[in-house]
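Visitor: I am new to this structure. Please take me to the place around the ligand and look at it closely, then show me what stands around it.

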Amino acid sequence: MGRAGPLSRDCADTYAGIAGLLFHLYYVRTEGLQATPAAISLLSADESVRYRRFIPPEKRLEYLVTRVLVRTVLSAALGTPPGDLRFSCNEWGRPEVEPPTELSFNISHTPGLVVCAVRQGHTLGVDTELFSRAPALLELAPQVFSRQEQADLFALPREERAHRAVVLWTLKESYIKARGRGLAIALDLFSFHFSPGHIGIEVAPCLDDQGNRWEFRLVVLGPHLVAVAADCGNSVAMSVNVTELHLSAFGAGEPPFPD
Ligand SMILES: CC(C)(COP(=O)(O)OP(=O)(O)OC[C@H]1O[C@@H](n2cnc3c(N)ncnc32)[C@H](O)[C@@H]1OP(=O)(O)O)[C@@H](O)C(=O)NCCC(=O)NCCS
């Protein structure tokens, strides 16, 4: 996608008339971006207050890019001007468009990358992590992975464990985010297992879910891993259309805006 506009018409049109389960994953690399008046003007009054008063300076750009990305993507999908979009959160903090629509979206941000996944009519969750988090995740394994996941992880050759730890954590977050309950879901109540070409999930009965409804996809974006989780029911396998966006509100040549 070029720098010309927020989302090209072609891109917006892909929401209409698609057969099968095509999910869209949009991402923005934040390195080198600077806040601009155009980007800040897209914030709602509440977001603007939060941006200026409550977001720590080192997180402000990530916050701003996230808001602009979400408004840009949803505006194209729903045909609503970006500044007119309103959001509400469920009791666990998951944002949804207000008033509700059929569109499901979810956001994740981490140093260097902001992602937004969208799909009409199917519950989804997304998470992104830096591969460099592997050592910390390996240390946290007893707290964040189920017994089965830990057993599988530590049965791997040592050189494969770091990668598996990041994969597991990113998948687990994508699932708890798709369920909309975040860390209110205990992380040992579900387990991922892997076979060639397939990622499966087993869930404890108390989660009131069926593992075989879920599809998961992993996308590597340089130093980042992204996981998309989707409740596909009995539908055909999903695919993920990955698009890098160069948001025009952060376009080159605009003067830096003081924080
Ligand atoms: C949701 C959660 C797993 C996110 O994990 P993370 O890796 O730190 O952050 P990510 O960047 O991947 O995701 C953050 C985004 O997820 C979304 N999100 C927040 N809560 C969510 C939830 N319960 N379900 C799905 N998505 C959620 C938001 O869009 C958020 O970004 P934003 O605050 O900029 O809008 C984690 O923050 C969590 O569970 N928090 C618990 C919050 C909670 O229980 N609150 C109680 C009542 S408020």
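**Around the ligand**

Guide: Start with strand β4. This strand gives four residues to the shell around the ligand, the largest share. Keep in mind that the model is predicted. In total, 19 residues surround the ligand. The closest are G93, R94, S108, G182 and L183. Three elements give two or more residues to this shell: β4, β6 (124-130) and α7 (158-178). Sorted by class, the shell has eight polar, six nonpolar and five charged residues.

Where does the ligand lie with respect to the domains? Domain 1 covers 1-121 + 234-252, and domain 2 covers 123-231. Both give residues to the shell, so the ligand lies between them.

Now follow β4 away from the ligand. It belongs to an open sheet of four strands, in the order β4-β5-β1-β11. The pairing in this sheet is mixed. β4 (103-110) and β11 (238-244) are the edges. Each has a single partner strand, so one side of each has no neighbour in the sheet. From one strand to the next, the twist averages 20°.

The partner of β4 is β5, residues 113-120. The two run antiparallel and are joined by eight bridges. One of the bridge pairs sets T110 against L113 in β5. Helix α4, residues 57-78, lies across β1 (21-29), β4 and β5. Its direction is at about 25° to β5.

Just before β4 comes a loop, which leads there from β3 (95-98). P99 sits in this loop. The peptide bond from E98 to P99 is cis, with omega near -5°. Most peptide bonds are trans, and most residues other than glycine have a negative phi.

Next, take β6, another of the elements that give two or more residues to the shell. β6 is part of an open sheet of three strands, in the order β6-β10-β9. Here the pairing is antiparallel. β6 and β9 (214-221) are the edge strands, and each pairs on one side only. In this sheet the twist averages 15° from one strand to the next.

Inside the sheet, β9 meets β10, residues 224-231, over eight bridges. These two strands run antiparallel. L221 stands opposite H224 in β10. Helix α7 packs on this sheet and touches β6, β9 and β10. The direction of α7 makes about 150° with that of β6. α7 also gives two or more residues to the shell around the ligand.

Step on to a hairpin. Strand β7 (residues 190-195) pairs with strand β8 (residues 198-203) over six bridges, in the antiparallel sense. F190 stands opposite V203 in β8. Two residues lie between the strands of this hairpin, and G197 takes a positive phi near 75°. The loop between β8 and β9 holds D208. D208 is not a glycine, yet its phi is positive, about 50°.

Last, look at the confidence. The protein averages a pLDDT of 89, and 88% of the residues score at least 70. Over residues 1-19 the pLDDT stays under 50. For that stretch the model has 24 contacts beyond four places in sequence. Residues 252-259 also have a pLDDT below 50. Beyond near neighbours in sequence, residues 252-259 have 10 contacts in the model.

Terms used:
Residues numbered from 1 in each chain as written. Predicted model: local features only at pLDDT ≥ 70, side-chain atom pairs only at ≥ 80, totals over all residues. Pairing = 2+ DSSP bridges. Axes fitted to C-alpha atoms, helices over the stretch in contact; angles between N-to-C directions. Contact = placed C-beta atoms within 7 Å. Near = placed C-beta within 6 Å. Nonpolar A, V, L, I, M, F, W, Y, C, P; charged D, E, K, R; others polar. Domains from an automatic or database assignment. pLDDT = per-residue confidence, 0-100.
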